[in-house]
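Colleague: I'm new to reading protein models, and I'd like to go through this one with you. Can we put it on the screen and take it piece by piece?

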Amino acid sequence: DDLMLDLIEVAELETGRRQLRKEKVRPIDALRDAAAQFRDAAREKTIDVELNAFEDGAWIEADRRALRSILDNLMANALRYTPEGGHICIGATEQTDRVQFFVHDSGRGIEAERLPTIFGRFTGDPDSGTSGLGLALVRRGVEPQGGEVSVESRLGAGTTFRFTLPIAAAEPTRHTV
């Protein structure tokens, strides 16, 4: 993963140089794209990638590029920490006024003491040599779009990252007289 590109993206989002361009996005499309992008890498490690979302789910209001970056970072992490023969599930569920996306892996899990600071900058995993910028980017991609991000993990039992994005407002229907 290219550290410079990640740094530039974090800086652009923080300084407001890159404005979010919100549009209506179908969650299933974003999830399919993310799964497809990592299909070959997953196959190499014999990792099963499962997609779990409704075809006709609610559309969200999101910046397409930021959403792609969020899902790419979460999928890259899941692949990095999931052993050969493991399982990754990527999906979305509808809540009242938002859609909750999730990426779950059957990897080694994250130490409890690392969880509170995991979305900060440079809180990478010393064992894997990662910068930790990916998760800082995830947070900086989600929060300005009105969403929230969270993580659940137990050592030896895998990790689930979740984030929410607002459901797009329904188009007013025009009645012809």
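Colleague: Let's start with helix 5 (residues 133-142): which strands does it lie across, and at what angle does it run to strand 7?
Modeller: Helices and strands here are DSSP runs, numbered from the N terminus: H or I over at least four residues for a helix, E over at least two for a strand. For angles, axes are lines fitted to C-alpha atoms, for helices over the stretch in contact, and the angle between N-to-C directions runs from 0 to 180 degrees. Helix 5 lies across strand 6 and strand 7, and its angle to strand 7 is about 25°.

Colleague: Before we go on, what kind of model is this?
Modeller: Residues are numbered from 1 along each chain as its sequence is written, and side-chain values use heavy atoms, with hydrogens and water left out. Local features need pLDDT of at least 70 and side-chain atom pairs count only at pLDDT 80 or more, while totals for chains, interfaces and linings use all residues, and the model itself is predicted.

Colleague: Back to helix 5, then: how many of its 10 residues are buried?
Modeller: Buried means under 20% relative accessible area, exposed means over 50%, and partly exposed is in between (1.4 Å probe, protein chains only). Among the buried ones are Leu133, Gly134, Arg140 and Val142. Helix 5 is mostly covered, and the count is nine.

Colleague: Which residues does asparagine 73 contact, leaving aside neighbours within four places in sequence?
Modeller: Asparagine 73 is in helix 4 (residues 64-81), and it counts as buried at 16% relative accessibility. Its C-alpha atom is 5.5 Å from that of glycine 134, though they are 61 residues apart along the chain. With contact meaning heavy atoms within 4.5 Å, the partners of asparagine 73 are Gly134, Leu137 and Val138.

Colleague: Now the sheet: what is the order of its five strands?
Modeller: Strands count as paired if DSSP finds at least two bridges between them. The sheet is open, with mixed pairing. Strand 2 and strand 6 (149-153) are the edges, each pairing on one side only. The order is 2-4-5-7-6.

Colleague: Which residue in strand 7 is the bridge partner of histidine 104?
Modeller: Strand 5 has strand 4 (residues 87-94) as an antiparallel partner over seven bridges, and a hairpin of three residues joins those two. Strand 5 also runs antiparallel to strand 7 (residues 159-166), with eight bridges. In strand 7, the partner of histidine 104 is threonine 160.

Colleague: Why is strand 5 largely enclosed by the rest of the structure?
Modeller: Strand 5 covers residues 98-105. It is largely enclosed because the number of buried residues, out of eight, is six.

Colleague: What residue shares a side-chain to side-chain polar contact with serine 153?
Modeller: Serine 153 is in strand 6 and is buried, with a relative accessible area of 16%. A polar contact is a pair of N or O atoms within 3.5 Å; within protein, one must be able to donate a hydrogen and the other to accept it, and residues adjacent in sequence count only if both atoms are side-chain atoms. A polar atom of the serine 153 side chain lies 3.1 Å from the backbone oxygen of glycine 158. The side-chain pair, at 2.8 Å, is with threonine 159.

Colleague: Last one: what is phi of threonine 46 near?
Modeller: Most residues other than glycine have a negative phi. Threonine 46 is in the loop between helix 3 (39-44) and strand 2 (48-52). Its phi is positive, near 45°.
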